[in-house]
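Subject: Structure handover

Hi,

Here is the structure I promised to pass on. Please open it next to this email and follow along.

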Amino acid sequence: MFPLTPPVVKRLLGWKKGPEGTSAAEDKWSEKAVKSLVKKLKKTGAIEELEKALSNQSGHTKCVTIPR
């Protein structure tokens with residue numbers, strides 16, 4: 001991880017799935033994408049719902065929509 005990565009981004013990156021041993025470029029891209037997602041979801045307050053949905057792994061959470 002990069003030194004100035006916010007905690008919420010670190011938590012969400014922990015849920016990343018895919019092949020092990022990804023390159024630094026892929027990790028950087030993933031972090032940038034998650035930061036952008038967090039920025040969008042913070043405006044609507046949906047970041048907590050996304051974390052809840054990921055941690056519960058069930059369909060009993062609210063729908064999280066990503067604004068354009």
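Below is what I found, from the whole chain down to single residues.

Please keep in mind that this is a predicted model.

**The whole chain**

The protein chain has 68 residues, and 21% of them are buried. It holds three helices and zero strands. Read from the N terminus, the order is α-α-α. The C-alpha trace spans about 35 × 25 × 20 Å along its principal axes.

The exposed surface comes to about 5,400 Å². Carbon and sulfur atoms supply 58% of that area. On charge, the chain carries 14 positive and 7 negative ones. The mean positions of these two sets are 7 Å apart.

How do the contacts spread along the sequence? Take the contacts between residues at least 6 apart in sequence: 54% of them join residues at least 24 apart.

**The UniProt record**

An unreviewed UniProt entry lists residues 7-68 as "domain: MH1". In the model, that span is 61% helix and 0% strand. Its end C-alpha atoms lie 24 Å apart.

**The core**

Which residues make up the largest nonpolar core? There are ten: Val8, Val9, Leu12, Leu13, Val34, Val38, Leu41, Ala46, Ile47 and Leu50. Helix 1 (7-13), helix 2 (24-44) and helix 3 each supply at least two of them. Helix 1 gives the most, with four residues.

Leu41 belongs to this core. Look at what leucine 41 touches beyond four places away in sequence: Ala46, Ile47, Leu50, Val64, Thr65, Ile66 and Pro67. Among these partners, Ala46, Ile47 and Leu50 are also listed in the core.

**Isoleucine 66**

Now go to one of those partners of leucine 41, isoleucine 66. Isoleucine 66 lies in the segment after helix 3 (47-56). Is isoleucine 66 buried or exposed? It counts as exposed, because its relative accessible area is 53% and the cut-off for exposed is over 50%. Still, isoleucine 66 has partners farther off in the sequence. Leaving aside neighbours within four places, they are Leu37, Lys40 and Leu41. Isoleucine 66 and alanine 46 are 20 residues apart in sequence, yet their C-alpha atoms are 8.7 Å apart in space.

**Glutamate 49**

Glutamate 49 sits in helix 3. Buried or exposed: which one is glutamate 49? Its relative accessible area is 17%, so glutamate 49 is buried, as the limit for buried is under 20%. Not counting residues up to four places away in sequence, glutamate 49 touches Lys62 and Val64. Val64 is also among the residues that leucine 41 touches.

**Tryptophan 15**

Where is tryptophan 15? Find it in the loop between helix 1 and helix 2. Tryptophan 15 counts as partly exposed, because its relative accessibility is 38% and that class runs between the 20% and 50% limits. Which residues does tryptophan 15 contact, leaving aside its neighbours within four places in sequence? They are Leu54, Ser55 and Gln57. Tryptophan 15 and leucine 54 are 39 residues apart along the chain, and 7.5 Å separates their C-alpha atoms.

**Where to look**

Start with the ten-residue core. Then compare the three residues: isoleucine 66 is exposed, glutamate 49 is buried, and tryptophan 15 is partly exposed.

Best wishes

Definitions and conventions
Residues numbered from 1 in each chain as written. Predicted model: local features only at pLDDT ≥ 70, side-chain atom pairs only at ≥ 80, totals over all residues. Heavy atoms only, no water. Helix = DSSP H or I, 4+ residues; strand = E, 2+ residues; numbered from the N terminus. Buried < 20%, exposed > 50% of the residue type's maximum accessible area, 1.4 Å probe, protein only. Contact = heavy atoms within 4.5 Å. UniProt positions renumbered as here; feature names shortened; annotations may be inferred. Areas by Shrake-Rupley, 256 points an atom, 1.4 Å probe, with all protein chains shown as cover. Lys, Arg positive; Asp, Glu negative; His and termini not counted. Charge placed at Lys NZ, Arg CZ, Asp CG, Glu CD. Core = buried A, V, L, I, M, F, W, Y, C linked by side-chain atoms within 4.5 Å.
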